[in-house]
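Q: Kindly explain how the descriptive terms applied to the following model are justified.

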Amino acid sequence: VRLSSNAEHFLIVPFGLLYSEVTASSLVKVDVRGEMVDRGSTNLGVNQAGFALHSAIYAARPDVKCVIHIHTPAGAAVSAMKCGLLPISPEALSLGVVAYHDYHGILVDQEETLAIQKSLGPKGKVLILRNQGLVSVGETVEEAFYYIHNLVTACEIQVRTLAGLGGPNNLVTLDPERYKVQRQGSKSRDSDDEDPGDTQPKWQVGEQEFESLMRMLDNLVGALDTYSTS
């Protein structure tokens, strides 16, 4: 996550923790070169090769405030398919144009940085790293999560469908141009063309879904606290 207080400082997961172990206080603050600014509550450092992907995107895209990069079995499977992500589900259509980046090993040099920036482009939100994993970006954490969540689901649908049908030639595909998804909240809250008489809240991309999941987590924590004290 790019910090709003300083555009050149970022929070990243420390190298050496399982995702289930990560807390807000354990996040590491680094600069755009991956150099340590604040170690957080652990003595762990940063995976420089892992941050190279993030820093390449942040350097080229000042609009991006959050980058999510994950490896899931279904995502890795789709990343290795020559056909890429197929338009066979609403989740796949919701992603817009999906970019791809060929595998070149560990991401460490300047040439690879430029290649990543070119692959994602100036407006892309979703990037599939061939034979590796999935990336999403957003102007907010909620937007980046919206894209990665739908991308993971779309990959799972595709893998299961292909396993049952035997090949892409047996699939019913959708026309992305015909079924363009109109996402609620695609306009900024301070957009000039808002209707002053419209009393409906203006949600940004992914904000409603993210808040609902946060409520679910809060309810789970509350339930566990009640159970532990009863």
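A: Of the 230 residues in the protein chain, 37% are buried, a term reserved for residues under 20% relative accessible area, with exposed meaning over 50% and partly exposed the range in between (1.4 Å probe, protein chains only). This is a predicted model, in which local features need pLDDT of at least 70 and side-chain atom pairs count only at pLDDT 80 or more, while totals for chains, interfaces and linings use all residues. Residues are numbered from 1 along each chain as its sequence is written, and side-chain values use heavy atoms, hydrogens and water being left out.

Q: What makes up the secondary structure of the protein chain?
A: The protein chain has six helices and seven strands, where helices (H or I, at least four residues) and strands (E, at least two) are DSSP runs numbered from the N terminus. Along the sequence their order is β-β-β-α-β-α-α-β-α-β-β-α-α.

Q: Why is aspartate 31 called buried or exposed?
A: Aspartate 31 has a relative accessibility of 12% and therefore counts as buried. Aspartate 31 belongs to strand β2 (residues 28-31). Beyond its neighbours within four places in sequence, aspartate 31 is in contact (heavy atoms within 4.5 Å) with Glu8, His9, Phe10, Val37 and Phe51.

Q: What makes the pairing of the side chains of aspartate 31 and arginine 33 a polar contact?
A: The separation is 2.9 Å. A polar contact is a pair of N or O atoms within 3.5 Å; within protein, one must be able to donate a hydrogen and the other to accept it, and residues adjacent in sequence count only if both atoms are side-chain atoms.

Q: How do you know where the buried residues of α4 fall, seen down its axis?
A: In helix α4 (residues 110-120), Glu112, Thr113, Ile116 and Leu120 are buried. These buried residues lie within an arc of 105° about the axis of α4, so they line one face of the helix; the arc is that of the directions from the helix axis to the C-beta atoms. Exposed residues Gln110, Glu111 and Lys118 sit on the face of α4 turned away from its buried side. The cover over the buried residues of α4 includes α1 (48-60), β5 (98-101), β6 (126-129) and β7 (133-138).

Q: How does the reach of α1 compare with the expected span?
A: α1 has 13 residues and spans 18 Å from its first C-alpha to its last, close to the 18 Å expected at 1.5 Å a residue. The expected span is 1.5 Å times one less than the number of residues. At the N-terminal end of α1, asparagine 47 acts as a cap, with a side-chain oxygen 3.2 Å from the backbone nitrogen of alanine 49.

Q: Why does glycine 45 count as it does in terms of relative accessibility?
A: Glycine 45 counts as partly exposed because its relative accessibility is 25%. Glycine 45 is located in the loop between β3 (36-38) and α1.

Q: What makes the pair of phenylalanine 145 and phenylalanine 210 edge-to-face?
A: The structure holds four aromatic pairs. In the pair of phenylalanine 145 and phenylalanine 210, the ring centres are 5.7 Å apart and the planes are at 80°, so the pair is edge-to-face. Rings of Phe, Tyr and Trp (its six-membered ring) pair if their centres lie within 6.5 Å, and planes under 30 degrees apart count as stacked, over 60 as edge-to-face and the rest as tilted. Phenylalanine 145 is in helix α5 (residues 141-165) and phenylalanine 210 in helix α6 (residues 207-229), 65 residues apart.
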